[in-house]
Amino acid sequence: MSEVSQNGSDGSIALPSTKHVRIRPITERDSAFIYQLMTSHRSGGRVRFGGATPSPQQVSASLWESVLAQFMVEGISSGRPLGLTAITTPNFRDGFAYFSALGSDESQGHGMLVEGDFLTFEYAFATWPFR
């Protein structure tokens with residue numbers, strides 16, 4: 001795994017990557033993709049919103065609830081987003097946090113989203129004292 005500075009050489013956080021995927025911070029340009037993930041019948045809509053169809057504003061407002069860190073998983077060769085990973089509800093006293101991942105339908109079946117999951121784990125364990 002290699003590390004890539006996401007914002008140049010200005011002292012920003014270096015995030016891990018593999019030959020196939022990288023994780024990167026969420027930006028405004030990701031809004032439509034995230035809304036599609038959160039309202040997809042196969043992923044987020046059934047879990048976070050109980051089957052209801054949320055508005056884009058509801059998705060945006062809920063996106064950072066209890067989140068310690070979250071990243072877009074992006075294919076390196078295509079530059080296309082594959083999914084979203086999140087580290088949530090940290091308990092620093094007991095040394096754990098929850099992890100979640102949502103992938104697009106296109107990301108299923110080839111293991112690239114799983115690589116993004118492991119990159120997020122790597123980031124979490126390198127950044128905080130989780131067990």
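This is a short talk on the fold, the cores and the aromatic contacts of one protein chain.

A word on the source before the details. The model is predicted, and every value I give is computed from it.

I'll start with the overall layout. The protein chain contains 4 helices and 6 strands. Going along the sequence, the order is β-β-β-α-α-α-β-β-β-α. The chain has 131 residues, and 38% of them are buried. Its accessible surface is about 7,600 Å², and carbon and sulfur atoms account for 54% of that. As for contacts, take those between residues at least 6 apart in sequence: 49% of them join residues at least 24 apart.

Now the interior. In general, nonpolar side chains in soluble globular proteins tend to be buried together. Here the largest nonpolar core is made of 14 residues. The residues with the most contacts inside that core are Ile-23, Ala-69, Phe-71, Val-73, Ile-87, Tyr-123 and Trp-128. Two or more core residues come from each of strand E3, which spans 21-24, and E4, E5 and H4. Which element gives the largest share of this core? That is H4, with 4 residues. Apart from this core there is another one, of 10 residues, including Phe-33, Met-38, Leu-84 and Leu-102.

Two residues of the largest core deserve a closer look. Tyr-123 sits in helix H4. Its relative accessibility is 12%, so Tyr-123 counts as buried. Tyr-123 and Ala-69 are 54 residues apart along the chain, and their C-alpha atoms are separated by 9.4 Å. The other residue is Trp-128. Not counting neighbours within four places in sequence, Trp-128 is in contact with Leu-68, Ala-69, Ile-87, Phe-92 and Tyr-123.

That brings me to the rings. There are 7 aromatic pairs in the structure. One of them is formed by Phe-92 and Phe-130, with 5.6 Å centre to centre and 10 degrees between the planes, and this pair is stacked. Where in the chain do the two partners sit? Phe-92 is in the loop between strand E5 (81-91) and strand E6 (96-103). Phe-130 is in the segment after helix H4 (112-127). The two are 38 residues apart, and the pair links distant parts of the chain.

The two partners are not equally covered. Phe-92 has 42% relative accessibility and therefore counts as partly exposed. Phe-130 has a relative accessible area of 12%, so this residue is buried. Phe-130 also pairs with Trp-128: the ring centres are 6.1 Å apart and the planes are at 50 degrees, which means that this pair is tilted. Both Trp-128 and Phe-130 are buried. Taken together, ring pairs link Phe-71, Phe-92, Tyr-123, Trp-128 and Phe-130 into a cluster. Some of these names have come up already: Phe-71, Tyr-123 and Trp-128 are among the residues with the most contacts inside the largest core.

Next, the helices. Helix H1 covers residues 31-39, and its buried residues are Phe-33, Ile-34, Leu-37 and Met-38. How are they placed around the axis of H1? Looking down the axis, the buried residues fall within an arc of 130 degrees, so they line one face of the helix. The general background is that an α-helix has 3.6 residues a turn, so residues three or four places apart point the same way. Two of these H1 residues, Phe-33 and Met-38, are also among the members of the 10-residue core.

In helix H3 there is a buried serine to note. Ser-62 is found in H3, and at 6% relative accessibility Ser-62 counts as buried. Leaving out residues up to four places away in sequence, Ser-62 touches Arg-48 and Phe-49.

Last, the backbone. Most residues other than glycine have a negative phi. Ser-66 is not a glycine and has a positive phi, near 60 degrees. Ser-66 is located in the loop between helix H3 (56-62) and strand E4 (67-75). Is Ser-66 buried, partly exposed or exposed? The relative accessibility is 49%, so Ser-66 counts as partly exposed; the cut-off for exposed is over 50%. Thr-89 is also not a glycine, and its phi is positive at about 45 degrees. Thr-89 is found in strand E5. With 41% relative accessibility, Thr-89 counts as partly exposed.

That is the end of my part.

Terms used
Residues numbered from 1 in each chain as written. Predicted model: local features only at pLDDT ≥ 70, side-chain atom pairs only at ≥ 80, totals over all residues. Heavy atoms only, no water. Phe/Tyr/Trp six-rings, centres within 6.5 Å; stacked < 30°, edge-to-face > 60°. Buried < 20%, exposed > 50% of the residue type's maximum accessible area, 1.4 Å probe, protein only. Contact = heavy atoms within 4.5 Å. Areas by Shrake-Rupley, 256 points an atom, 1.4 Å probe, with all protein chains shown as cover. Core = buried A, V, L, I, M, F, W, Y, C linked by side-chain atoms within 4.5 Å. Arc of directions from axis to C-beta.
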